[in-house]
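Visitor: I am new to this structure. Please take me through one part of it closely, and show me how that part sits in the rest.

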Amino acid sequence: MSSLRTVESRLKRFDKALSLRDPGGDCPFVYVERKAREGRKQVIGKAMKDLLGDGTSLLGVLKRNDTWAAGGGKKFMDEFDEHERITERSRKRKRKEEFIDQAREERDIAHRLKGKRVNNAGVPT
């Protein structure tokens, strides 16, 4: 149990809102919890008790997945919004090209039905 306290103290140095919860009994896991704004605790992960060691690997995973170190939630949402804008522009451009192709094809068909000669199908003259 003292190793869990050591790991938990390392977690507290990384983020004061983090804690470990040992469900006890035969459960092989220790739950990593984060204190939410309402005061409740939210489980954000779990680790095997046997593989916990001194907590270095657990801290490595937490640091790698830390959104604030990568710029925070605002940066993430800005990137997400930019991706949505690019996707929307691409979708609109593709749809416009499809409509133009369809219009050219219908124009060529209409000219053929009227008996007009179409030199180069698909290119409006």
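Guide: Start with a cut-off. A residue counts as buried when its relative accessible area is under 20%, and as exposed when that area is over 50%. Glu 33 has a relative accessibility of 7%, so Glu 33 counts as buried. This is a predicted model, and Glu 33 is the part to look at closely.

First, the setting. The chain has 3 helices and 3 strands. From the N terminus, their order is α-β-β-β-α-α. The chain has 125 residues, and 15% of them count as buried. Its accessible surface is about 10,200 Å². Carbon and sulfur atoms hold 52% of that surface.

Now find Glu 33 itself. It belongs to strand S2, which covers residues 29-35. Strand S2 pairs with S1 in the antiparallel sense, over 4 bridges. Strand S2 also runs antiparallel to strand S3, residues 41-48, and 7 bridges join the two. S2 and S3 form a hairpin, with 5 residues between them. Gly 39 sits in that turn and has a positive phi of about 100°.

Go along the pairing. Across from Glu 33, in S3, stands Val 43. Arg 34 stands opposite Gln 42 in S3. Towards S1, the bridge partner of Leu 20 in S2 is Val 32. In a regular strand, side chains alternate between the two faces of the sheet.

What does Glu 33 touch? Set aside the neighbours within four places in sequence. Glu 33 is then in contact with Ala 17, Leu 18, Ser 19 and Arg 21. It is also in contact with Lys 41, Gln 42, Val 43 and Ile 44.

Arg 21 deserves a stop. The side chain of Glu 33 makes a polar contact with the side chain of Arg 21, at 2.6 Å. Arg 21 lies in strand S1. Its relative accessible area is 35%, so Arg 21 is partly exposed. Beyond residues up to four places away in sequence, Arg 21 touches Val 30, Tyr 31, Glu 33 and Val 43. Another residue to locate from here is Glu 8. Arg 21 and Glu 8 are 13 residues apart in sequence, and their C-alpha atoms are 9.4 Å apart.

Next, the nonpolar core. The largest one has 12 residues. Among them are Leu 18, Leu 20, Val 30 and Val 32. Helix H1 (2-14), strand S1 (18-21), S2 and helix H2 (56-64) each supply at least two residues of this core. In soluble globular proteins, nonpolar side chains tend to be buried together.

Helix H2 shows its own part in this. Its buried residues are Leu 58, Leu 59 and Leu 62. They cover an arc of only 95° around the axis, so they lie on the same side of H2. An α-helix has 3.6 residues a turn, so residues three or four places apart point the same way. The face of H2 turned away from its buried side carries the exposed residues Ser 57 and Arg 64.

One last link leads back. Apart from neighbours within four places in sequence, Leu 62 is in contact with Leu 11, Phe 14, Leu 18 and Ile 44. Leu 18 and Ile 44 are also among the contacts of Glu 33.

Conventions. Residues numbered from 1 in each chain as written. Predicted model: local features only at pLDDT ≥ 70, side-chain atom pairs only at ≥ 80, totals over all residues. Heavy atoms only, no water. Buried < 20%, exposed > 50% of the residue type's maximum accessible area, 1.4 Å probe, protein only. Areas by Shrake-Rupley, 256 points an atom, 1.4 Å probe, with all protein chains shown as cover. Pairing = 2+ DSSP bridges. Core = buried A, V, L, I, M, F, W, Y, C linked by side-chain atoms within 4.5 Å. Contact = heavy atoms within 4.5 Å. Arc of directions from axis to C-beta. Polar contact = N/O pair within 3.5 Å; in protein donor to acceptor, adjacent residues only side chain to side chain.
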